[in-house]
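User: I am new to this structure and would like a close look at a single part of it. Please take the region around helix α10 and its salt bridges, and then set that part against the rest of the chain.

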Amino acid sequence: MRGLSLASRASPAIKNLSEEAYNHRKFNKENPTKRKPKAALNPRPTDKLATPSRGKSGSKSPSLFFNSNSPISDHNQEFRVKSIDHQYISEILSREDWFLLINHEYKAKRISLNPRLVVSILQNQENPLYPLRFYVWFLKINPLLAKNQSVRVALANVLNRKGPVILSVELLQDIRNSGCAITEDLLCILIGSWGRFGLAKYCAEVFGQVSFLGLSPSTRLYNAVIDALVKSNSLDLAYLKFQQMSLDNCNPDRFTYNILIHGVCRIGVVDEALRLVKQMESLDCSPNVFTYTILIDGFCNARRFDEAFRVLETMKGRNVSPSDATFRSLVHGLFRSIDPSKAFELLSRFLEKEAVLPKVVCDTILCCLSNSKMPKEAALFLRKAQEKSYFPDSSTFNIIITCLIRELDVNETCEILDSFVEQGLKPCFNTYISLIEALFKAGRDGEGNRYLNEMVQVGFVSNAFSYNMVIDCFCKASMMDRASETFREMKESGIDPNIVTFNTLINGYSKNGEIGKARALLEMLLEYGFKPNIFTFSSMIDGLCRAHQISDAFNCFNEMVEWGVAPNVVTYNILIRSLCVVGDVAKSMKLLRRMQANGISPDVFSFNALIQSFCRMNKVEKAQNLFVSMLALGLSPDNFTYCAFIKALCESGRFDEAKELFLSVEANGCIPDSYTCNLIIDALIQQARFEEAKAIARKYSNQGISPNSIPVL
């Protein structure tokens, strides 16, 4: 072939690699016996692949870089969709004569250069040296392509992900031998990647020797170095480079100052940021929206919230429009730096003055309130914002509704949803399914059915995934008849159930105590050709344990191993808990040790079942030994752990130890819930230690935890 004859004149190595790659591809196509077909167990006539027709001897040689030549345009046969052989390109770029070989492929017209293909090649290299080599090569071939923004971003991303690539003597020599050079663009990209990897000193060292690379210091290079130093937390070194700019006749620009302002604001030194702003203004370099956004974030970090709000006023006075990032920085900064209720109060006061509420502000506030589990505030703000023409998108609305469903009365949630639907909002699938599940769990079948019908009418229930979610919704509400009916409708609609469908139903029947129906579903699962997985077996074991068929549960446990399914911590926890419930704590302890011997690390639930059992048996010392083992594994006790000990200590008259343990709960990173608080408060009241009980009740009431009312207080 013409291409290979060129290779033979260029280098024997090129010829060998080209022939190896082509023969390898030809071997895979013409010798299927050496490769197992994916559909060997269940062959179909349609599984056969059409063999591409061979071209005439005088036609072009097949491309080694691309497979498939499907034309996408009848009037332009030259333009074709090609899938790139990244492995072959990697093989070329890994060789010492990579430049010669890839150059040959380009000259033989087996590779074309355009931004989309170049980005794909850069993104799909495992070794970070290879995309750098490829960039250096096409930088010489097509300098304009190397300046393409998408190409530069792709190289930067791959170096940040897979790097760093150090400019060794060997690499520089390799590049020079290829007739290429390190450009300012490429050096800026490399410096940026070094900064992300924390190589501050190396950045400074390379910058100090740029003349050896044939480059001169410039403002752009200084900006790249200063930015890298700030990102690697070397602010002092960044300032040093900033001060050296004038020695190289380089003037700082807005980018320079924004980088430094961001660096000092990140550590809360806002006064220095303000000094830099004045300095840049004195050089006729006006702050822009990025400058002000950084300042707002800095003021929030320094807890100087009034000044953060004043920055917005300054922007308005200077006709600088805040961006979405500006508003997000303000809202997130407040919620991050102070108590969420205080942050909400400050933002509400600020927004009262605004006639029109920016959508991004409302979206961010509502998301922060939802994440902070403040449903009442979220509902109040949503209604007020609605009065000012605020209209959320479906994703934001889903976050809000999810919070309201979990924390607020379902009636109010439905009212809010209906009011926005009347205005044209189209709830997403997740919004509907969350609300329907909450309504069914609350016994509000009529309203649940109404929203379910709406969801069906808009076409949300149309595939296996959506049917599985509806079935799961019924299972969680213990409405197994409806779940079974939905399963039947699914099959009648021509939608095949998958392993998730069967697992969901098996889990639902198991939790509902209908182990016979769970077994029937398991048989059906096998009839459909599915293999039971860890979720299938764990659900069956849980159902058998709930039905007090412990022996059968262990038989199922042994059977799952025979199926090649390894039990996980959830499976073991089900059995450990069930053995504790029936009082066989000794066997439960053996199972815990077996679990660890098999390389499965127990979690807090594994220990809690045993600790609670020992505490109920008044064997506190054994429970304490387990507690020590639990801490040694790096596990954090939760309220169930502490409650077991506190209750056992109180019942044995060791009230001081119980109180001391309670006071250590929060110090150990666990916030006591209302049950834990009531446990110690009741114990103190029984001992007539009313002031101590009152102090605990007052402290946790202020934190939003509601202890039971205590008449004697």
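Analyst: What follows starts with the chain as a whole, goes on to helix α10 and its surroundings, and ends with some other places along the chain.

This is a predicted model, in which local features need pLDDT of at least 70, side-chain atom pairs count only at pLDDT 80 or more, and totals for chains, interfaces and linings use all residues. Residues are numbered from 1 along each chain as its sequence is written, and side-chain values use heavy atoms, with hydrogens and water left out.

The protein chain has 39 helices and two strands. Helices (H or I, at least four residues) and strands (E, at least two) are DSSP runs, numbered from the N terminus. Of the 713 residues in the protein chain, 47% are buried. Here buried means under 20% relative accessible area, exposed means over 50%, and partly exposed lies in between, with a 1.4 Å probe and protein chains only. The protein chain exposes about 37,300 Å², and carbon and sulfur atoms supply 52% of that area. Accessible areas come from the Shrake-Rupley method with a 1.4 Å probe, and for residues only the protein chains shown count as cover. Among contacts in the protein chain with a separation of 6 or more, 63% are between residues 24 or more positions apart. A contact means heavy atoms within 4.5 Å.

Now to the part in question. Helix α10 covers residues 184–196, and D185 lies in it. The side chain of D185 meets that of K147 in a salt bridge, at 3.2 Å from N to O. K147 is in the loop between α7 (143–146) and α8 (149–162), so the pair ties together parts that are 38 residues apart in sequence. A salt bridge is a side-chain nitrogen of Lys or Arg within 4 Å of a carboxyl oxygen of Asp or Glu. D185 counts as buried because its relative accessible area is 8%.

The pair is part of a wider set: K147, E184, D185 and R220 are linked in a network of salt bridges. E184 is also a contact of S218, as is C250, once the neighbours of S218 within four places in sequence are left aside. S218 sits in the loop between α11 (200–207) and α12 (219–231). With 17% relative accessibility, S218 counts as buried.

Further along helix α10 is S193. Its relative accessibility is 1%, so S193 counts as buried. Not counting residues up to four places away in sequence, S193 touches L159 and N160.

Helix α12 holds a salt bridge of its own. D227 and K231 both lie in α12, four residues apart, about one turn of the helix. Their side chains meet at 2.7 Å, N to O. D227 is partly exposed, with a relative accessible area of 26%, and K231 is partly exposed too, at 33%.

These bridges belong to a total of 30 salt bridges in the structure. Another one of them joins the side chains of R95 and D97, at 3.3 Å from N to O. R95 has 25% relative accessibility and so counts as partly exposed.

Other places in the chain can be described in the same terms. D363 lies in helix α20 (residues 359–371) and is buried, with a relative accessible area of 11%. Leaving aside neighbours within four places in sequence, D363 is in contact with Y390, P392, D393 and T396. D363 and I399 are 36 residues apart in sequence, and their C-alpha atoms are 10.0 Å apart in space.

V604 lies in helix α34 (residues 604–616) and counts as buried, at 14% relative accessibility. Its contacts, again without neighbours within four places in sequence, are M630, L635, S636, P637, D638 and T641. V604 and N573 are 31 residues apart in sequence and 9.8 Å apart from C-alpha to C-alpha.

Last comes a group of charges on the surface. D481, E485, E489 and E492 form a negative surface patch. A patch of charge is made of residues with over 30% relative accessible area and no salt bridge, with like charges joined within 9 Å. Asp and Glu count as negative, Lys and Arg as positive, and His and the chain ends are not counted. The place of a charge is taken as CG of Asp, CD of Glu, NZ of Lys or CZ of Arg. E489 is in helix α27 (residues 480–492), and at 37% relative accessibility E489 counts as partly exposed.

Methods. Patches are made of residues with over 30% relative accessible area and no salt bridge: like charges are joined within 9 Å, nonpolar side chains (Val, Leu, Ile, Met, Phe, Trp, Tyr) within 5 Å.
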